[in-house]
Amino acid sequence: MELNWPLMKNNITRADLDTLIDFLKQDDPILTQSKQVREFEREWSEWVGVSYSVYVNSGASANLLTIAALKYLYGGGEIIVPPLNWVSDIASIMQNGFKPVFADINPRNLCMDDAQVISKLTDQTRAVLFTHAQGFNGLTDRLLKVLEDRNIILIEDVCESHGATFKGNKLGSFGLISNFSFYYAHHLSTIEGGMVCTNDKKIYGMIRMLRSHGMVREVNDDVTKQEYIEKHPDLSPHFIFAYPAYNVRNTEIGAVLGRNQLKRLDTNNEKRKRNFDLFLTNLDSTKYRTDFELEGSCNYAFNLVIKDSDPSFRDKVEQKLTQAKVEFRRGSAGGGNQLRQPYLKEIMPEKEYEKYPEVDHIHFYGYYIGNYPDLEDDRIIKLCNLLNSVE
């Protein structure tokens, strides 16, 4: 049986492309960052429930600008982060001179376990970078209260979890700063792209500068601009560079796609939630984990986690999926335990990765399989039957 199941399908639709073509047919359309970007930022802020958003060229760039802003505003220190992650979360911490401190995950939501995070907090902790893995919510009242009481910054990575919620509010609206990715495989795609969100006006201005070479003219605040102009009378007001920053702007083309996709994001997310529930309901719970915490979740993937650490069974699962032409990624989206990767393995204590057994289980026995809105119920059932047939 061939299921011909890609990781993602039809995530940029004919309607999206037609909307883009209509935009391009205008007389002399502006293609670099302009009105469409501003409107996408405004609409995204409204959808998430935040005051400000800054559109950038990737989720990785959103991570980079976020941690750079923390460095300039609050100085260095430690940032707690999960080893089940995308490389850019950890890399951005290291690139900005912070020390990454790791916490293991809760196996029922693949996010950092709140007790683990709390146990790692010290006087050196500057922030917690909380990755909402694969559409799951991992926030708890206990964690939020401890961070508030100790005045420790919460950063949310929501790159894989557009539309997921905690207590009815969208993830990305709880932290001082939050990051989103609009890569092709995610809930909403602008081909490549990302967003930095915040309710803090000062951080918003800094992120805008960091996005575009550190230029003061990018600040959306006349008072701040004037302060820089008066402080530096020898410089052209158009070319004052406050920070040695980056060029990670995005384009009008991406914003047009994003705005059109945003119109159907809620509907698509409801389909994804239903798909995931159907997948878990029909999966053999004696062979695979099915007891995920689904409250508030919004998964763009089917999370397949083999229950027991059995290499022989794992190999049979992979063989079955490959034969059926079902595309998958072992170790979840980021390749599993980042502490096993060369960039960390070479600088961390020997076998540090063994201290995070829950992440290590996902590294060897966890997968993601694409969950896209137009999946038919019978195909999901066939996939489950295929997996259940593995002995």
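Start with helix α3, which contributes three residues to the lining of the largest pocket, the largest share. Select residues 59-74 to bring up α3, then add residues 87-95 for α4; each of these two helices supplies at least two residues of that lining. Keep in mind as you go that this is a predicted model.

**Stop 1: the largest pocket**

To find the middle of the pocket, show W86, E160, Y183, H186 and A333 as sticks; these lie nearest its centre among the 32 residues of the lining. The space here comes to about 580 Å³. Now colour the lining by residue class: you should have 13 nonpolar, 14 polar and five charged residues.

**Stop 2: the second largest pocket**

Next, select K202, G205, M206, M209 and T224, the closest to the centre of the second largest pocket out of the 13 residues that line it. This pocket has a volume of about 190 Å³. Which helix gives the most to its lining? That is α7, with six residues. Highlight residues 201-211 for α7 and 222-231 for α8, since each helix supplies at least two residues of the lining. Colouring by class again gives seven nonpolar, three polar and three charged residues.

**Stop 3: α3 against α7**

You already have both helices for this stop, so keep α3 and α7 on screen and look at how they pack. Their axes are 10 Å apart, at an angle of about 120°. α3 and α7 are therefore oblique to each other. The crossing is right-handed. For the contact itself, select L65, T66, A68, A69, Y72, L73 and Y74 on α3, and K202, I203, M206, I207, L210 and R211 on α7. By class, this contact between α3 and α7 has 10 nonpolar, one polar and two charged residues. As you rotate the view, look again at K202 and M206: they take part in the contact with α3, and they are also among the residues closest to the centre of the second largest pocket.

**Stop 4: α2 against α9**

Move on to residues 35-48, helix α2, and residues 252-262, helix α9. The axes of these helices come within 8 Å and cross at roughly 35°. Is the crossing of α2 and α9 left-handed or right-handed? Here it is left-handed. On the α2 side, select K35, Q36, V37, E39, F40, E43, W44 and W47; on the α9 side, select E252, A255, V256, G258, R259 and L262. The residues of this contact divide into seven nonpolar, two polar and five charged.

**Stop 5: α10 against α14**

Now bring up helix α10, residues 265-282, and helix α14, residues 377-388, whose axes cross at roughly 30° and come within 9 Å. α10 passes α14 in a right-handed crossing. Select R274, N275, L278, F279 and N282 from α10 to see one side of the contact, then D377, I380, I381, L383, C384, L387 and N388 from α14 to see the other. The classes in the contact of α10 with α14 are seven nonpolar, three polar and two charged residues.

**Stop 6: the largest cavity**

Finish with an enclosed space. How many cavities of 30 Å³ or more are counted? The count comes to one. The largest cavity holds about 30 Å³ of space. Select N11, H187, L188, Q261, R264, L265 and N268 to display its lining. Two of these lining residues are nonpolar, four are polar and one is charged. Some of the lining can be placed on helices from earlier stops: Q261 lines the cavity and falls in the range of α9, residues 252-262, while L265 and N268 line the cavity too and fall in the range of α10, residues 265-282.

Note on methods. Residues are numbered from 1 along each chain as its sequence is written. This is a predicted model: local features need pLDDT of at least 70, side-chain atom pairs count only at pLDDT 80 or more; totals for chains, interfaces and linings use all residues. Side-chain values use heavy atoms; hydrogens and water are left out. On a 1 Å grid over the protein atoms alone, a cavity is a set of points where a 1.4 Å probe fits but cannot get out, and a pocket is an open set with protein on both sides within 12 Å along at least five of seven lines; lining residues have an atom within 4 Å of a point. Grid points are joined across faces, edges and corners, and a volume is the space filled by probe spheres set on the points. Helices (H or I, at least four residues) and strands (E, at least two) are DSSP runs, numbered from the N terminus. Ala, Val, Leu, Ile, Met, Phe, Trp, Tyr, Cys and Pro count as nonpolar, Asp, Glu, Lys and Arg as charged, and the others, Gly among them, as polar. Axes are lines fitted to C-alpha atoms, for helices over the stretch in contact, and angles run from 0 to 180 degrees between N-to-C directions. A crossing is left-handed if the near helix is turned anticlockwise from the far one by less than a right angle, and right-handed if clockwise. Contact means heavy atoms within 4.5 Å. Angles under 35 degrees count as roughly parallel, over 145 as roughly antiparallel, 65 to 115 as roughly perpendicular and the rest as oblique.
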